[in-house]
Amino acid sequence: PHGAEVVLSAPMSLSRQTLVLLRSGGHVYAAPTSAVERLLRIQPSDLVEIDAQPFLRHGPGNHDLAPYVSLPQLLMQDDSGEGGGDDMGAGQLSIMLLRQGDRSLAVGVDALEGVRTLAVSPIAHLAERAGAPDGRLAGASQLEGGRIALVLNPDGLFRAYLAGRASPAPRRVATAERARRRILVVDDSIT
C-alpha cells in the first residue's frame, strides 16, 4: 500500500517532412511534396470548362485534365475573404497540382510560399474537436515567428472532392476534342 507512483507523459510523435507552404484565406497551410506533382501560376483563361466545372489542362501535350477547386472549398470554409485562389477574374491563379495514383486535382490557393523541411505534429484529435472536416488535415508545423502551418492530408482532399461529385472527373481530353479528323473523298471515274 505504500510506495511511489510515476506517471510518464511523452510528447506526441513527431515526423520531419518536406512540405510546400501555401497561403489561402489568410491562413498558412502545408502539403507533403510527395503528393505535389507541380506548382503553377496560370491565367484564368488557361482553365477549360466542362459541364460547368473548371479543369486544368496539363501533362504531355496538355491532354491530361485535372479538376480545379479552391482550397477553401475543399476545407468547407467561406471562400469570400482573401480570394482563396478562386478569384478567376483577376491576374494569375496559383495552383498546387496534387497527384494520387492516376488522378490529379488542381487546388487553387492565394500564394505559394516555398518548400521547407519541418517537424509535423499529428492533430487528428484537435481537428476533430475544432470541427475540422474529417481527414483533410494531417498535422501542424510551427514556423519561424511562432506561426502555425496546418498540414493538409492529400488523400483527405481527394476524398472531399470526390464526395462532392457524382462521378470522378475524366482524366483525358476526349479524342474528338483533341483533333478534328478530316476525310478526303476522291472520285477518279471518267463519268
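## Salt bridge R116–E144

In this predicted model, the side chains of R116 and E144 form a salt bridge with an N to O distance of 3.4 Å. The two residues are 28 positions apart, and the pair links distant parts of the chain. R116 lies in strand β9, while E144 sits in the loop between β10 (137–142) and β11 (148–152). R116 has a relative accessibility of 31% and therefore counts as partly exposed, being between the 20% limit for buried and the 50% limit for exposed.

## Other salt bridges

The structure holds three salt bridges. Another of them joins the side chains of E113 and R23, at 2.9 Å from N to O. Strand β9 (residues 111–120) carries E113, and strand β1 (residues 15–24) carries R23, with their positions 90 residues apart in a pair that links distant parts of the chain. E113 is partly exposed at 30% relative accessibility, and R23 is partly exposed with a relative accessible area of 32%.

E37 and R99 also meet through their side chains in a salt bridge, with an N to O distance of 2.7 Å. E37 belongs to strand β3 (residues 36–42) and R99 to strand β7 (residues 93–100); they are 62 residues apart, and this pair too links distant parts of the chain. The relative accessible area of E37 is 33%, which places E37 in the partly exposed class. R99 is likewise partly exposed, at 25% relative accessibility.

## Largest nonpolar core

The largest nonpolar core consists of 24 residues. Within this core, the residues with the most contacts are L22, L74, M96, L98, V107 and L152. Two or more residues each come from β1, β2 (27–32), α1 (71–74), β7, β8 (103–109), β10 and α3 (154–163). Helix α3 gives the largest share, four residues.

Which residues does V107 touch, not counting residues up to four places away in sequence? With that exclusion, the contacts of V107 are V69, S70, L71, L74, S94, I95, M96 and L98. Among these, L74, M96 and L98 are also listed with V107 as residues with the most contacts inside the core.

## Second core

A separate, second core has 10 residues. Its members include L56, Y68, L93 and I95. I95 is thus named in this second core, and I95 is also one of the residues that V107 touches.

Definitions and conventions: Residues are numbered from 1 along each chain as its sequence is written. This is a predicted model: local features need pLDDT of at least 70, side-chain atom pairs count only at pLDDT 80 or more; totals for chains, interfaces and linings use all residues. Side-chain values use heavy atoms; hydrogens and water are left out. A salt bridge is a side-chain nitrogen of Lys or Arg within 4 Å of a carboxyl oxygen of Asp or Glu. Buried means under 20% relative accessible area, exposed over 50%, partly exposed in between (1.4 Å probe, protein chains only). A nonpolar core is a set of buried Ala, Val, Leu, Ile, Met, Phe, Trp, Tyr and Cys residues joined through side-chain atoms within 4.5 Å. Contact means heavy atoms within 4.5 Å.
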